[in-house]
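Me: I am new to this structure. Please take me through a few of its residues, one question at a time.

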Amino acid sequence: MGLGIRQAAPEDLCAMLACDAYARSNASRGAWVRQAVARQQCLVAVESGVVVDYCVLNHDFFDNGFVALIVVAPAQQIADETARFAVLVKEGKVVID
């Protein structure tokens with residue numbers, strides 16, 4: 001199963017905040033994210049049934065879409081960088097001696 005993106009739901013909050021080191025140590029961030037979920041301003045990326053990223057998207061900037069926050073789980077950051085590196089090696093843009 002690949003990566004899917006959907007509207008965040010209240011039951012996603014624990015997984016979302018687990019991805020977010022700043023929210024774990026700053027209660028105000030967690031409260032802000034909870035409010036954004038309640039206002040349906042959050043999207044989550046889900047892979048194999050697990051929330052791996054989330055973003056807060058609102059329309060507070062002159063009624064235009066504005067991404068206020070993007071959070072990527074640390075394990076996903078490593079996987080993304082590894083995948084990018086593999087592509088660069090395959091394309092010959094990185095040479096390994």
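Me: Leaving aside its neighbours within four places in sequence, which residues is Arg 29 in contact with?

Reply: Keep in mind that this is a predicted model. Arg 29 sits in helix H3, which covers residues 27–38. Setting aside neighbours within four places in sequence, the contacts of Arg 29 are Asp 20, Tyr 22, Ala 23, Tyr 54, Leu 69 and Val 71.

Me: Is Arg 29 buried or exposed?

Reply: The cut-off for buried is under 20% relative accessible area. Arg 29 has 19% relative accessibility, so Arg 29 counts as buried.

Me: With which side chain does the side chain of Arg 29 make a polar contact?

Reply: Asp 20 is among the residues in contact with Arg 29. The two side chains make a polar contact at 2.9 Å. The partner is the side chain of Asp 20.

Me: In which sense do strands E3 and E4 pair?

Reply: Strand E3 spans residues 50–61, and strand E4 spans residues 64–72. Seven bridges join them. Their pairing is antiparallel.

Me: Which residue in E4 does Leu 57 stand opposite?

Reply: E3 runs over residues 50–61, so Leu 57 belongs to that strand by the run's numbering. Across from Leu 57, in E4, stands Val 67.

Me: What phi does Phe 62 take in the hairpin of E3 and E4?

Reply: The hairpin has two residues between its strands. Phe 62 is found in that loop. Most residues other than glycine have a negative phi. Phe 62 is not a glycine, yet its phi is positive, at about 55 degrees.

Me: Is Phe 62 buried or exposed?

Reply: A residue counts as exposed over 50% relative accessible area. Phe 62 has 68% relative accessibility, so Phe 62 is exposed.

Me: Which residues form a nonpolar patch on the surface with Phe 62?

Reply: The patch has about 370 Å² of accessible area in total. Phe 62 is one of its members. The others are Phe 61 and Phe 66.

Me: Where does Ser 48 lie?

Reply: Ser 48 has a positive phi, near 55 degrees, and is not a glycine. Strand E2 covers 42–47. Ser 48 lies in the loop between E2 and E3.

Me: Is Ser 48 buried or exposed?

Reply: The cut-off for exposed is over 50% relative accessible area. Ser 48 has a relative accessible area of 54%, so Ser 48 is exposed.

Conventions
Residues are numbered from 1 along each chain as its sequence is written. This is a predicted model: local features need pLDDT of at least 70, side-chain atom pairs count only at pLDDT 80 or more; totals for chains, interfaces and linings use all residues. Side-chain values use heavy atoms; hydrogens and water are left out. Two strands pair if DSSP finds at least two bridges between them. Helices (H or I, at least four residues) and strands (E, at least two) are DSSP runs, numbered from the N terminus. Patches are made of residues with over 30% relative accessible area and no salt bridge: like charges are joined within 9 Å, nonpolar side chains (Val, Leu, Ile, Met, Phe, Trp, Tyr) within 5 Å. Accessible areas come from the Shrake-Rupley method with a 1.4 Å probe; for residues, only the protein chains shown count as cover. A salt bridge is a side-chain nitrogen of Lys or Arg within 4 Å of a carboxyl oxygen of Asp or Glu. Buried means under 20% relative accessible area, exposed over 50%, partly exposed in between (1.4 Å probe, protein chains only). A polar contact is a pair of N or O atoms within 3.5 Å; within protein, one must be able to donate a hydrogen and the other to accept it, and residues adjacent in sequence count only if both atoms are side-chain atoms. Contact means heavy atoms within 4.5 Å.
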